[in-house]
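Student: I'd like to take a close look at one part of this protein. Please start from a single residue and work outward from there.

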Amino acid sequence: FPSHDKVVRAFLEKYKTIHVELASDFVLRRPIVETESTVYIIVSQSGETRDCIAACEYISDECNGVCLGINNRPGCLLDSKTLAGMHLNIGIERSVPATKSFTATIIALAMFASSTSIDFSKIPDVLEKHIQIILHKKPQIIDETRGDIWITGDSWGLGIAKEFTLKLQEVAYIKAFMTTGYEMKHGPIAL
């Protein structure tokens with residue numbers, strides 16, 4: 001998962017022993033797969049993402065590992081490749097940003113960490129508050145930009161920064177870059 005990995009890892013590793021991989025990199029590296037005590041959760045918005053399917057096939061077919069799936073669409077290819085799964089059931093994404101599936105996946109993975117004390121009923125209000133802040137400031141941020149945009153984040157905010165960078169590139173065609181706040185000294189400040 002492109003941006004989910006940063007958000008989810010920072011959150012879940014407080015509650016579970018996890019290791020997060022990008023499917024495309026995982027498939028290219030073909031690492032040793034632990035099959036005795038590890039379950040692999042494959043996350044794909046559509047359930048048809050080729051690198052996610054390839055990672056699942058490598059884990060289950062070649063290494064005899066156990067894969068679970070999280071996706072939005074019942075009856076997808078990922079369903080046939082995994083032992084069990086969770087469907088987000090959020091409806092069809094109707095735009096490039098896929099923000100609905102991004103948010104739903106983050107919530108689904110947080111729910112997976114069932115030992116947490118998250119009050120999920122407050123999530124819509126918190127999201128709405130932050131969306132209003134962003135909508136109010138966005139025109140000012142974009143209007144004042146004279147070139148590249150550098151977006152920073154740390155811990156769970158790194159995933160949000162990565163997702164925002166991707167959306168600026170895909171939707172607004174703005175040259176945006178993402179880095180951790182602690183790594184700004186290694187190039188971005190010099191540029």
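Student: What relative accessibility does Glu170 have, and is Glu170 buried or partly exposed?

Tutor: Keep in mind that this is a predicted model. Glu170 has a relative accessibility of 34%, so Glu170 counts as partly exposed. The cut-off for buried is under 20%, and for exposed over 50%. Because 34% falls in between, "partly exposed" is the right label.

Now look at the partner of Glu170. Lys167 forms a salt bridge with Glu170. Their closest N and O atoms are 3.7 Å apart. Both residues sit in helix α7, and because they are 3 residues apart there, about one helical turn separates them. Elsewhere, salt bridges with shared partners link Glu21, Asp25 and Arg29 into one network.

Back to Lys167. Lys167 also forms a salt bridge with Glu163. Here the closest N and O atoms are 2.9 Å apart. Glu163 and Lys167 are 4 residues apart in α7, about one turn of the helix. Now check their cover. Lys167 has 15% relative accessibility, so Lys167 counts as buried. Glu163 is buried too, because its relative accessible area is 10%. So Lys167 is buried, while its partner Glu170 is partly exposed.

Next, the helix itself. Its buried residues are Gly157, Leu158, Gly159, Ala161, Glu163, Thr165, Lys167 and Leu168. Charged residues are on that list, including Glu163 and Lys167. Now test its length. α7 has 15 residues, so at 1.5 Å a residue the helix should span 21 Å. Its end C-alpha atoms are 22 Å apart, which agrees.

Helix α5, residues 99-112, can be checked in the same way. This helix has 14 residues and reaches 20 Å from its first C-alpha to its last, close to the 20 Å expected. Its buried residues include Phe102, Ile106 and Leu109.

Where does α7 fit in the chain? Begin with strand β4, residues 149-153. Its covered face holds Ile149, Ile151 and Gly153. Its uncovered face holds Trp150 and Thr152. In a regular strand, side chains alternate between the two faces of the sheet. β4 pairs with strand β5, residues 176-180, in the parallel sense over 5 bridges. Phe177 in β5 is the bridge partner of Trp150. From β4 the chain crosses through α7, residues 156-170, to β5. This β-α-β crossover is right-handed.

Now compare the salt bridges of α7 with one elsewhere. The structure holds 8 salt bridges. One of them joins the side chains of Glu57 and Lys81, at 2.9 Å from N to O. Glu57 lies in helix α3 and Lys81 in helix α4, so this pair ties together parts that are 24 residues apart in sequence. Glu163 and Lys167, in contrast, both lie in α7. Lys81 has 28% relative accessibility, so Lys81 counts as partly exposed.

Finish at the surface. Val39, Val66 and Leu83 form a nonpolar patch there. Together they have about 270 Å² of accessible area. Val66 belongs to strand β2, residues 66-71. With a relative accessible area of 30%, Val66 is partly exposed.

Terms used. Residues numbered from 1 in each chain as written. Predicted model: local features only at pLDDT ≥ 70, side-chain atom pairs only at ≥ 80, totals over all residues. Heavy atoms only, no water. Buried < 20%, exposed > 50% of the residue type's maximum accessible area, 1.4 Å probe, protein only. Helix = DSSP H or I, 4+ residues; strand = E, 2+ residues; numbered from the N terminus. Pairing = 2+ DSSP bridges. Right-handed = clockwise from strand over helix to strand, strands pointing away. Expected span 1.5 Å × (residues − 1). Patch = residues over 30% accessible without salt bridge, like charges linked within 9 Å, V, L, I, M, F, W, Y side chains within 5 Å. Areas by Shrake-Rupley, 256 points an atom, 1.4 Å probe, with all protein chains shown as cover. Salt bridge = Lys/Arg side-chain N within 4 Å of Asp/Glu carboxyl O.
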